[in-house]
Amino acid sequence: MDKVKKKPSLIEVLNNNNNNNIPVWLMRQAGRYLPEYREVRKKAGSFLNLCMNAKLAAEVTMQPLRRFDLDAAIIFSDILTIPMACNRNLKFVENEGPRLKPIENEREILELKITNFEYLEPVYESLGIVKKQLKIDKALIGFAGAPFTIAAYMIEGKGSVNFSKCVSFFYANEKLFLLLLDKLENFITNHLIKQIEAGAEVIQIFESHAKVALDENKFKLFCIDPVNKIINKIRKIYPDIAIIGFPRNAEHSYLEYGKSLNVDCISIDQNINIEWLIKNLKMTNNRNLCLQGNLAPEILLEGGEKMIASINNIIDVFSSINHIFNLGHGVIKETPVENIELLIKTIRSREK
Ligand code: CP3
C-alpha cells in the first residue's frame with residue numbers, strides 16, 4: 001500500500017499552511033562538532049575533497065538527520081565553490097579559513113567566467129542522492145552565497161571582519177565592482193536553478209557579510225538589487241520555489257531587505273531586536289511573514305538552563321508569525337552533541 005504522503009512541515013510553514021509544528025534545522029548542522037563528520041572528512045582528505053565527492057557529501061548531509069529530529073537537510077557544499085569554478089585557486093588553510101587568488105584589476109573581472117564546471121557538478125549529484133534517501137516529511141535545502149558576499153571574498157582573497165580591501169575597491173571603482181556583482185549574479189542564478197532541477201525544494205541565499213555594505217545606498221546597490229535579479233530570474237522558471245534570504249548582521253536594513261525582495265522567509269541573526277523587526281515588517285509587508293532564527297550559536301555551545309530559557313523566549317516572541325527555528329549563524333565546532341539533543345527536545349515540547 002502507498003504510504004500517505006505528507007508535505008514537509010518546513011514547506012508547509014513557508015506556504016503559510018499553519019500547523020502546530022515548529023520546523024527546525026541548523027546552519028552548519030553537518031560539520032566538525034559531529035564525530036561521524038570528522039571521520040568522513042578524514043577519509044576524504046580535506047574539506048574541499050569532501051565537497052567535491054558527491055557520495056561523501058551526500059553522506060555528511062544525511063548524518064545530522066540520522067541523529068536528530070530535524071525537519072530539513074541542507075546540502076553539503078560551500079558558497080566559495082563559485083570562485084573555485086572561476087579558477088580563483090581556492091584553498092582552506094587549517095585554523096585560518098579560506099584563501100583565494102585576490103582579484104586585482106579590471107581585466108580579471110572582464111575575463112571572469114566559469115572555467116571549471118566540474119567543481120559545481122558534485123552538488124547536483126549529491127542532491128540527487130540525498131533526495132532518494134530523505135523521508136517525505138523532510139525538506140531538502142540548496143544554497144548559494146549572494147553576489148556581494150562572494151565578491152568580498154574574491155577581492156579580499158580571504159575572510160575578514162571588515163573586508164577593507166573590498167571596501168577600498170568599491171569606493172574607488174564602483175562601476176567595475178557592479179560589473180563583478182553582475183557576473184556573479186549570473187553564475188549564482190544558474191547554480192541555484194541547477195540545484196532546483198536536481199531536487200532542492202528550498203534555497204537559501206547567504207549574504208553573510210551584509211554588514212560591510214550597510215550604508216543605505218550601498219546596501220540597495222550591492223545587496224538588494226543583485227539578489228532581486230536572482231530571485232526574479234528563478235521565479236520566472238519556478239514561481240513557487242521556497243526562497244530564504246539571510247542578510248546576516250544587516251541591522252535596520254533587514255527591513256528594507258524584507259520590503260524589497262520576493263523571499264518567502266528571512267533568516268535573522270542574533271544581534272537584532274526581534275520584536276522591533278516583527279512589528280515593523282508586519283506594518284510594511286502584506287505577504288505572509290516567515291522568519292527563521294535566531295538562537296545565538298554561543299548559547300547552543302553553552303547549553304543548560306540558559307539555553308532552554310532562550311529557546312522558550314524565541315518561540316514566544318515568534319508565536320505571532322510563521323517561524324522556522326534555527327541559529328543566528330552556524331553551529332560552533334566545539335558544541336556538545338547533547339546540547340543539540342536538548343535543543344530539539346525543548347522545541348518539540350512546545351509543539352501543540
Ligand atoms: O550549513 C550546512 O550544514 C551546509 C554546508 C555549508 C558549509 N558552508 C559547510 C562548511 C554552508 C551552507 C556553508 C556556507 C558558507 N561557507 C558561508 C555562508 C554562511 C556563513 O558561515 O556565514 C560562508 C561565509 C562560507 C565560507 C567558509 N567555508 C568559511 C568562512 C569557512 C570557515 C573556515 C573554517 O575552517 O571553519 C568554511 C568552511 C566550512 N564550510 C566548513 C563547513 C562544514 C568547515 C570545514 C571543515 O570541515 O574543516
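Student: What makes up the lining of the largest pocket, by class?

Tutor: The lining of the largest pocket has 19 nonpolar, 17 polar and 11 charged residues. Ala, Val, Leu, Ile, Met, Phe, Trp, Tyr, Cys and Pro count as nonpolar, Asp, Glu, Lys and Arg as charged, and the others, Gly among them, as polar. This is a predicted model, in which local features need pLDDT of at least 70 and side-chain atom pairs pLDDT 80 or more, while totals for chains, interfaces and linings use all residues. Residues are numbered from 1 along each chain as its sequence is written, and side-chain values use heavy atoms, with hydrogens and water left out.

Student: Why is the contact between arginine 41 and the ligand called a polar contact?

Tutor: A polar contact is a pair of N or O atoms within 3.5 Å. An N or O atom in the side chain of arginine 41 is 2.6 Å from an oxygen atom of the ligand, so the pair meets the definition.

Student: What makes aspartate 78 a polar contact of the ligand?

Tutor: An N or O atom in the side chain of aspartate 78 is 2.7 Å from a nitrogen atom of the ligand, and therefore the pair qualifies.

Student: How do you know where the ligand sits?

Tutor: A molecule sits in a pocket if more than half of its atoms lie within 2 Å of the grid points of that pocket. The ligand sits in the largest pocket, so the ligand fulfils that condition. Helix H2 (35–44) and strand S3 (97–99) each give two or more residues to the shell around the ligand.

Terms used. A polar contact is a pair of N or O atoms within 3.5 Å; within protein, one must be able to donate a hydrogen and the other to accept it, and residues adjacent in sequence count only if both atoms are side-chain atoms. On a 1 Å grid over the protein atoms alone, a cavity is a set of points where a 1.4 Å probe fits but cannot get out, and a pocket is an open set with protein on both sides within 12 Å along at least five of seven lines; lining residues have an atom within 4 Å of a point. Helices (H or I, at least four residues) and strands (E, at least two) are DSSP runs, numbered from the N terminus.
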